[in-house]
Amino acid sequence: MRSADPAGGAGFVLRAARAGDEDAVAGLVAQAFSDDSHRPGLAQAWPEDPAVLRRVAERTGDGALLATATLRLAGQGWGGRVVPAAALAGVAVDLTARGRGVGAALLADAFAAARAAGALVVALIPSTHAFYRRSGCGTAGRRPVYAIASHQLRALPRPAVRLVHRAATPADAAAVAALVAARSVRGNGGLDHDVETGGAQFVSERAGRVVGWCALRRRPSTRSLYTVVVHDLVAADAEAELAIWRDLVADEPSASQVHALLPTGSLLEHHLPRQTEPVEDSTWMLGLLDVPGALAARGYPAGVSARVRFDVDGTATTLHVADGSGRTAPGDPDADGPAVRLSGADLASVYAGHLDPVAAAHAGILTTDPSTAGLLRTLFAGPPAVLDRPF
Ligand SMILES: CC(C)(COP(=O)(O)OP(=O)(O)OC[C@H]1O[C@@H](n2cnc3c(N)ncnc32)[C@H](O)[C@@H]1OP(=O)(O)O)[C@@H](O)C(=O)NCCC(=O)NCCS
C-alpha cells in the first residue's frame, strides 16, 4: 500500500478493493463512462474472481474512494506463444479529484499489482491516449467494428459440411476454452481467458465436434427490425468461421444487420460481396510491464538468429533469439553489436508489430542502424494484432 499527497491537500492510499466498496466503485465507473456495455466481462466479475484485480484510491481521513481500476489476468498470443498478460479497464478518477496525479498514481499501482500477479504485458482500450502513453503504453492495433448487412451474410458460400448450432451449456466450457487457447497462438493480441460475456451463447458442431462458439445479443434498431451484436466469436478454422457468419442470421428475416469486431485472422471481409466500412474504429494499447520478461516470453519467427541490445528508457537488455525463442540478459551499454534505443511505449508498439522499426528509424522515433532496423522488422513481424475478445 502506498500513499501520496496530491497538490491540493488531501492524501490518498492505494489498495485492493474489498467487500463494501462495490457501490462506490460502481458510482465512479458510472460517472466516468456513460456506457460501459463494452465491458460485460468486468461488470459481472464483482466481487470475487481470482483472475480479476480491482484497485482503488482511498482518501485519507474520510475513507472516500477517489479512483478505481480493474485488471483481468489472461494469456495473450504474441508470435505463437501465450504471454502472461493483464487487460486493464474501468480506469476512473472522481471528477473532483482529476488533474492532481491520482490517475497516474493509480495506474502505476495497477501495473505493479499486475506485475506482482505474474503479468508481463498489459492491454487496454484507451479513451485518453496521452494518459496511458506517458505511463509507457504504445498503440498496438485497431479495433474496427463492422456493420454487415444480413443479406450479405446469407449470400456467403455454403460450407461443404453443415454445422449444427445449439445453445451453449456449462459442459461446453472445456471445448470452448480449447478453441480460445488455440486461436490466441494463431494470431497476435488475442486474449486467452475465461470470461462470462453475457447475452445468448451458442456452440457450433461439425461432425459431433465443437468447432465454434459465439456470444451475441439482439438490439432493436427500428420498430420491426433489430441488429445482432456479436460480442465474441471463436472458430476452429476459417471454414467453420465462415459457416457461423452465414448461419448467424439465416433464419432471422427481421435481423437487418450484424455488428461485429472481426476476430483475429478472419477472412470474412474477403468473402463479402460488397465492401464494408467500419462503423466504429478505435485503437488499443499495449504496455510492457517487464521488458526483459516480455521479450523473452513471446515467440519469434523460426529460422532467425539474432542478438540485439535494447536501451529502453535508460535500461539496457540484450535479447538473444534462436529457434523461435528468445532469452534476455542485462545489457552492457558499452558492448559492441546491434543496438537500438527507444522509449518503452515505442518498444510496446514494435512488439505488437504495429510500429515498423524501419520507418520508425527513418522518422527518428528509435535510434539504430539500418541493418538492425531491418532485423527488428523481421523479429516482430506478424499479422495485425487484434484485441478481439471482451474482458
Ligand atoms: C483519464 C483520467 C483517469 C486521468 O486521471 P487524473 O487523475 O485526472 O490524471 P492525472 O492528474 O494523474 O494525470 C496524469 C497525466 O496524464 C495526463 N492526462 C490526464 N488526463 C488527460 C487527458 N484527458 N488528455 C491528455 N492528458 C491527460 C495529465 O496531463 C498528466 O500528465 P503530466 O503529469 O505530464 O502533466 C481521469 O480524467 C478520468 O477518470 N477520466 C474519465 C474516464 C477515462 O477517460 N478513463 C480512462 C480511459 S479508459
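Me: Which of the 19 residues around the ligand come nearest?
Reply: The model is predicted, with residues numbered from 1 along each chain as its sequence is written; local features need pLDDT of at least 70, side-chain atom pairs count only at pLDDT 80 or more, and totals for chains, interfaces and linings use all residues. Side-chain values use heavy atoms, leaving out hydrogens and water. A residue is near a molecule or strand if one of its heavy atoms lies within 4 Å of it. Of the 19 around the ligand, those that come nearest are V93, G99, G103, A104 and S127.

Me: Which residue has a side-chain N or O atom 2.9 Å from a ligand oxygen?
Reply: Backbone polar atoms of R100 and A104 lie 3.2 Å and 2.8 Å from a ligand oxygen, respectively. The side-chain atom at 2.9 Å from a ligand oxygen belongs to R134.

Me: How much of the ligand's accessible area does the protein cover?
Reply: Areas are Shrake-Rupley values with a 1.4 Å probe. On its own the ligand has 900 Å², and the covered share is 66%.

Me: Which elements give two or more residues to the shell around the ligand?
Reply: Elements are DSSP runs numbered from the N terminus: helices (H or I) of at least four residues, strands (E) of at least two. One strand and two helices qualify: β5 (81–93), α3 (102–116) and α4 (129–133).

Me: Which helix gives the largest share of the lining of the largest cavity?
Reply: A cavity is a set of points on a 1 Å grid over the protein atoms alone where a 1.4 Å probe fits but cannot get out, and lining residues have an atom within 4 Å of a point. The structure holds one cavity of 30 Å³ or more, lined by A238, E241, L242, W245, S266, L267 and L268. Four of the lining residues come from residues 238–248, helix α7.

Me: How many of the eleven residues of α7 are buried?
Reply: Buried means under 20% relative accessible area, exposed over 50%, and partly exposed in between (1.4 Å probe, protein chains only). The buried set includes E241, L242 and W245. Helix α7 is largely enclosed by the rest of the structure, because its buried residues number nine.

Me: Which residue caps the N-terminal end of α7?
Reply: A side-chain oxygen lies 3.3 Å from the backbone nitrogen of E239. The residue that supplies this oxygen is D237.

Me: What is the relative accessible area of Q201?
Reply: Q201 sits in strand β10 (residues 200–206). Its C-alpha atom is 9.9 Å from that of V230, 29 residues apart along the chain. Q201 is partly exposed, at 22%.

Definitions and conventions: 1 Å grid on protein atoms, 1.4 Å probe; cavity = no way out; pocket = protein on both sides within 12 Å on 5 of 7 lines; lining within 4 Å. Points joined across faces, edges and corners; volume = space filled by probe spheres on them. Polar contact = N/O pair within 3.5 Å; in protein donor to acceptor, adjacent residues only side chain to side chain.
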